[in-house]
Amino acid sequence: MKRTILKTDNYPDCPYTGKVFASPDSVPMDYWLWGNFTPDELKSKGDGKVMIDTKSMDALQALRDNWGQPLHLTSAFRSAAHNRRVGGVRNSMHVLARAYDINVSGWTQTERRTFERMAIACGFTGFGFYKNQQFIHIDTGRRREWGQRW
Ligand SMILES: [Zn+2]
């Protein structure tokens with residue numbers, strides 16, 4: 001497994017964390033270090049706003065590098081308004097741009113377990129298993145897990 005490198009630590013002027021951008025097009029790309037992902041994939045559904053948490057993105061890109069296959073995000077950042085609309089919990093890590101839901105349909109049980117181990121190694125600490133909806137929630141919040149594994 002490759003080493004996890006927190007790449008944006010090298011860029012103290014990185015303009016992303018803590019800011020909400022009105023749309024994917026308004027995200028400055030000078031410091032975009034996550035080559036397998038685009039602001040469009042990370043935008044909040046519903047209103048299209050984008051917020052980036054750089055450490056979580058570094059973890060996501062490290063996970064993608066290790067996994068070696070495309071990751072299909074079904075949910076990333078959620079604006080507070082969108083989170084309310086979908087009935088998300090109020091303190092959801094999605095609202096802080098620190099959570100990603102990954103579609104795992106078609107993956108074998110072994111692949112899912114391997115993915116979970118890699119995600120831990122890359123710095124993810126929160127896991128939600130949504131067996132019926134075929135996705136895994138990963139985040140960089142408090143260490144915890146919920147739901148039922150496959
Ligand atoms: Zn989630």
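This is a short chat about the sheet, the core and a helix pair in a predicted model.

Colleague: Start with the sheet. What is the strand order?

Modeller: The order is β3-β4-β6-β5-β7. It is an open sheet of five strands, with mixed pairing.

Colleague: Which strands stand at the edges?

Modeller: β3 (73-75) and β7 (144-147). Each has a single partner strand, so one side of each is left without a neighbour in the sheet.

Colleague: And how much are neighbouring strands turned against each other?

Modeller: By 25° on average, direction ignored.

Colleague: Let's look at β6. Is β6 mostly covered or mostly open?

Modeller: Mostly covered. Five of its five residues are buried. Phe135, His137 and Asp139 point one way from β6. Ile136 and Ile138 point the other way.

Colleague: How does β6 run against β4?

Modeller: Antiparallel, with five bridges joining the two strands. Asp101 stands opposite His137. Tyr100 stands opposite Ile138.

Colleague: What about β6 and β5?

Modeller: That pairing is antiparallel too, over five bridges. β5 covers residues 126-130. Phe129 has Ile136 in β6 as its bridge partner.

Colleague: What links β5 and β6?

Modeller: They form a hairpin, with four residues between them. Gln134 sits in the turn and has a positive phi of about 60°.

Colleague: New topic, the core. Which residues touch the most other members?

Modeller: Ile52 and Ile138. The largest nonpolar core has 27 residues. Elements giving two or more residues to this core are β2 (50-51), α2 (54-67), β4 (99-103), α4 (109-121) and β6 (135-139).

Colleague: Which of those gives the most?

Modeller: α2, with five residues.

Colleague: Why would nonpolar residues gather like that?

Modeller: In soluble globular proteins, nonpolar side chains tend to be buried together.

Colleague: Back to Ile52. What does Ile52 touch?

Modeller: Tyr16, Thr17, Leu42, Met57 and Ala97. That leaves out residues up to four places away in sequence.

Colleague: Now the helices. How do α2 and α4 cross?

Modeller: Their axes come within 9 Å and cross at roughly 135°. That makes α2 oblique to α4. The crossing is right-handed.

Colleague: Which residues meet there?

Modeller: From α2, Leu63, Asn66 and Trp67. From α4, they meet Phe115, Met118 and Ala119.

Note on methods:
Residues numbered from 1 in each chain as written. Predicted model: local features only at pLDDT ≥ 70, side-chain atom pairs only at ≥ 80, totals over all residues. Core = buried A, V, L, I, M, F, W, Y, C linked by C-beta atoms within 7 Å. Buried ≥ 20, exposed ≤ 12 C-beta atoms within 10 Å, placed from the backbone. Contact = placed C-beta atoms within 7 Å. Pairing = 2+ DSSP bridges. Axes fitted to C-alpha atoms, helices over the stretch in contact; angles between N-to-C directions. Parallel < 35°, antiparallel > 145°, perpendicular 65-115°, else oblique. Left-handed = near helix turned anticlockwise from the far one by under 90°.
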